[in-house]
Amino acid sequence: MLSRLISSTRGIPERGDVPEHIAIVMDGNGRWARKRLLPRVAGHKRGLETVRKVVARCMEQGVRHLTLFAFSSENWRRPADEVSFLMQLFMQALREEVKKLHKNNIRLRVIGDMSRFDAELVETIREAEALTAGNDALCLSIAANYGGRWDIVNAVNVMLRSQPDKRDGFTEDDLSRHLCLADVPEPDLYIRTGGEQRVSNFLLWQLAYTEFYFTDCLWPDFDEEAFAKAIESYRKRERRFGRTSEQLAPGSIKQD
Ligand code: IPE
Ligand code: IPE
Ligand code: MG
């Protein structure tokens with residue numbers, strides 16, 4: 001099923017399957033802290049603990065790809081001290097966690113526009129990616145200075161540069177080949193904690209047929225039970241990709 005690997009909008013996962021790829025907008029850290037009269041950054045620190053737990057749950061459940069929104073291209077608009085804390089936390093987490101990730105056969109990659117990061121952070125990212133490049137139990141992608149629109153425009157620019165003389169028009173496949181997660185199936189399940197029901201410029205192209213799950217639970221409170229609820233909700237859904245329910249009956253055509 002090669003096309004399923006490239007695009008989940010072509011293959012049809014069975015109802016009851018565990019999602020192969022989960023994408024999460026980890027929202028609500030600031031409110032979690034405010035509720036406790038703590039500074040916002042305390043929420044980000046606690047949020048990192050949730051990341052560790054969610055990675056472990058994904059490994060247990062056999063989820064193959066996990067993509068986490070850590071810092072959006074719009075998050076630079078936050079107060080300078082919060083941005084700087086987030087960058088330091090990111091650097092520290094990379095340094096502290098990478099060996100453990102490697103030991104657990106987890107591949108780490110960072111997606112987003114690295115050009116605005118300082119050289120030391122970029123080097124730490126590249127080292128972590130290189131160390132874990134051969135791992136295949138779970139592919140953990142951290143979206144940092146990531147924007148879905150940036151990803152698409154970047155892909156268009158790379159595509160045009162790679163085939164400057166093409167005159168007969170580009171296809172969706174031509175473009176998607178240059179997106180950050182080109183080699184990863186599109187997300188099956190999108191989870192957003194923190195109560196907002198929006199995409200906030202996350203994986204715009206890749207979410208075309210993803211199942212959405214929104215919860216009021218704040219990211220630092222997103223525990224094992226909350227994660228299990230999201231998976232359960234996904235497993236009950238029938239994914240049709242434009243077809244009718246009847247077409248999905250056992251023995252019917254499964255591919256275009
Ligand atoms: C998400 O939590 C983390 C980042 C955007 C880095 P927030 O910091 O957005 O938390 P709220 O939405 O203010 O509660
Ligand atoms: C989205 O959260 C980005 C991350 C979780 C990293 P925000 O809290 O920044 O989203 P908006 O701006 O409120 O939509
Ligand atoms: Mg927020």
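**Close-up 1. Leucine 138, a buried residue in strand S4.** At 1% relative accessibility in this predicted model, leucine 138 falls below the 20% cut-off, so it counts as buried. You'll find leucine 138 in strand S4, which covers residues 138-146. Setting aside residues up to four places away in sequence, its contacts include Val55, Cys58, Met59, Val63, Arg64, His65 and Leu66. Asn105, Ile106 and Arg107 are also touched by leucine 138. Take valine 55 as one example: 83 residues separate it from leucine 138 along the chain, yet their C-alpha atoms are 8.6 Å apart.

**Close-up 2. Helices H3 and H8 where they pack.** Here H3 (residues 40-61) meets H8 (residues 224-235) at an angle of about 45°, and the axes sit 11 Å apart. That makes the two helices oblique to each other. Their crossing is right-handed. On the H3 side, the contact is made by Val54, Arg57, Cys58 and Gln61, while H8 brings Glu224, Phe227 and Ile231. Sorted by class, this patch has 4 nonpolar, 1 polar and 2 charged residues.

**Close-up 3. The largest nonpolar core, with isoleucine 22 in view.** This core has 43 residues, and Ile22, Ile24, Leu66 and Leu140 are those with the most contacts inside it. Helix H4 (residues 80-103) gives the largest share of the core, 8 residues. A separate core of 12 residues lies apart from it, with Leu181, Val184, Phe202 and Leu203 among its members. Back to isoleucine 22: leaving out residues up to four places away in sequence, it touches Cys58, Val63, His65, Leu66 and Thr67, and also Leu189, Ile191, Phe227 and Ile231. A few of these names turn up in the other views too. Cys58 of H3, along with Phe227 and Ile231 of H8, takes part in the helix contact, and Cys58, Val63, His65 and Leu66 are among the residues touched by leucine 138.

**Close-up 4. Histidine 178, a partly exposed loop residue.** Histidine 178 sits in the loop that links helix H7 (172-176) with strand S5 (189-192). With a relative accessible area of 24%, histidine 178 is partly exposed, whereas leucine 138 from the opening view is buried. Once neighbours within four places in sequence are set aside, histidine 178 is in contact with Ala155, Val158, Met159 and Ser162. For methionine 159, the C-alpha to C-alpha distance to histidine 178 is 6.7 Å, with the two positions 19 residues apart in sequence numbering.

Notes: Residues numbered from 1 in each chain as written. Chains lettered and ligands numbered in written order. Predicted model: local features only at pLDDT ≥ 70, side-chain atom pairs only at ≥ 80, totals over all residues. Heavy atoms only, no water. Axes fitted to C-alpha atoms, helices over the stretch in contact; angles between N-to-C directions. Helix = DSSP H or I, 4+ residues; strand = E, 2+ residues; numbered from the N terminus. Parallel < 35°, antiparallel > 145°, perpendicular 65-115°, else oblique. Left-handed = near helix turned anticlockwise from the far one by under 90°. Contact = heavy atoms within 4.5 Å. Nonpolar A, V, L, I, M, F, W, Y, C, P; charged D, E, K, R; others polar. Buried < 20%, exposed > 50% of the residue type's maximum accessible area, 1.4 Å probe, protein only. Core = buried A, V, L, I, M, F, W, Y, C linked by side-chain atoms within 4.5 Å.
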